[in-house]
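Biologist: Please show me the model. I would like to ask how its descriptions are justified.

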Amino acid sequence: MNGKNPISASEIGTLWLTYQEKSMILRILEYFLAKADDQEAKNIMGGLWQELHFYIKEIKQIFEDEGVSVPIGFTSVDVNLDAPNLYDNGFDINFLRILKEVSMGMYTINMNMAYRKDVIAIYEGLTVVTHKIYKLTTLYLLEKGIITLPPKSTMPKTIEFVNDKSYLKGFQPFSDKRPLNHNELGILHHGVESNNVGMQLITGFAQCAENKEVKDYFVKGKELAKKQIKIYQEVLLKSDVPFSATSGSTVTTSTVAPFSDKLMMFCVYLLNGFGIVGCSFGSIFSLRNDVSLKTALIAKDIYFYADEGIKLMIKNGWLEEPPQMENRVNIIKK
């Protein structure tokens, strides 16, 4: 395989999106690093900043070598390092962990569309970095008591096969539903955990957004996150599952924006995509049909919320256009 083979359209597309995402994360890390007072947290974030900065330069070099225009992404104008703390108590590492969950999924897709040796090497390297940071952030948050482990249960001692279609039934108002299986419990717990972080994030965004429509959009997102948490918690409680997925992080009362409205909107855009994928996973791998339907309906809500956000970004000129194929119809007409 020759690393200098012509770059494919799919590779340009994934590298372009990776550049956008990583330039956004660099700006977020710069703000959190400026405000962090915990040395261990600083070490985690500082190490990640250095590694992502290296890969940003690698992507930029490929674009320049191939004659591809380098995207703008997010720059110093999108972060205000002098803004006071918008979040307290470990939110920086908690949010970073969620971002690494998003990155893990993106690299899997990106690697599937990579053919050139140098492009594959970028996603291999980023995958290693992401797994390392996810491990470090998880251990940090558990040690600080900011996140908790999922619920425990008695260990299975035998192997069983599903022998009755009632195993799938969850819509039985006059009879007991079967207990949640461990896969379903994990999906529900993760839904509560990730939406707790998302609700705090977007609450802070709503407090400091400058554009009125953007502020209203973030308020709507906060209510959507609360709705999802309530749905997941109700299923767990009705199944007599004790849980504690609350975060020790808090949103301050600051109304000074650390990030541009453009950056905050793009961040929510990425998280919306992650939410839709997560709900789709839950719909497929939840075998109790009430859980499966609930996650599918949540995915629908996120989809329409994300669509509204994209239109708002376009309206304000914040959505950078991805590289696209030639318009043959227009070329022929000319």
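**Charges, fold and cysteines**

Modeller: The protein chain carries 37 positive and 38 negative side chains, with the centres of the two sets 4 Å apart. Lys and Arg count as positive, Asp and Glu as negative, and His and the chain ends are not counted; a charge is placed at NZ of Lys, CZ of Arg, CG of Asp or CD of Glu. This is a predicted model, in which local features need pLDDT of at least 70 and side-chain atom pairs pLDDT 80 or more, while totals for chains, interfaces and linings use all residues. Residues are numbered from 1 along each chain as its sequence is written, and side-chain values use heavy atoms, leaving out hydrogens and water.

Biologist: What makes the radius of gyration of the protein chain agree with a compact globule?

Modeller: The rule is 2.2 Å times the number of residues to the power 0.38, with the radius taken over C-alpha atoms. For 334 residues that gives a value near 20 Å, and the protein chain has 22 Å, so the two agree.

Biologist: Why is C267 called buried?

Modeller: Buried means under 20% relative accessible area (exposed is over 50%, partly exposed in between; 1.4 Å probe, protein chains only). C267 has 1%, so it is buried. C279, at 4%, is therefore buried too.

Biologist: How do you know that C267 forms no bond with C208?

Modeller: A disulfide needs two cysteine sulfur atoms within 2.5 Å. The closest cysteine sulfur to that of C267 is in C208, 12 Å away, which is too far for a bond. C279 is in no disulfide either, the nearest cysteine sulfur being that of C267 at 17 Å. The structure holds zero disulfides.
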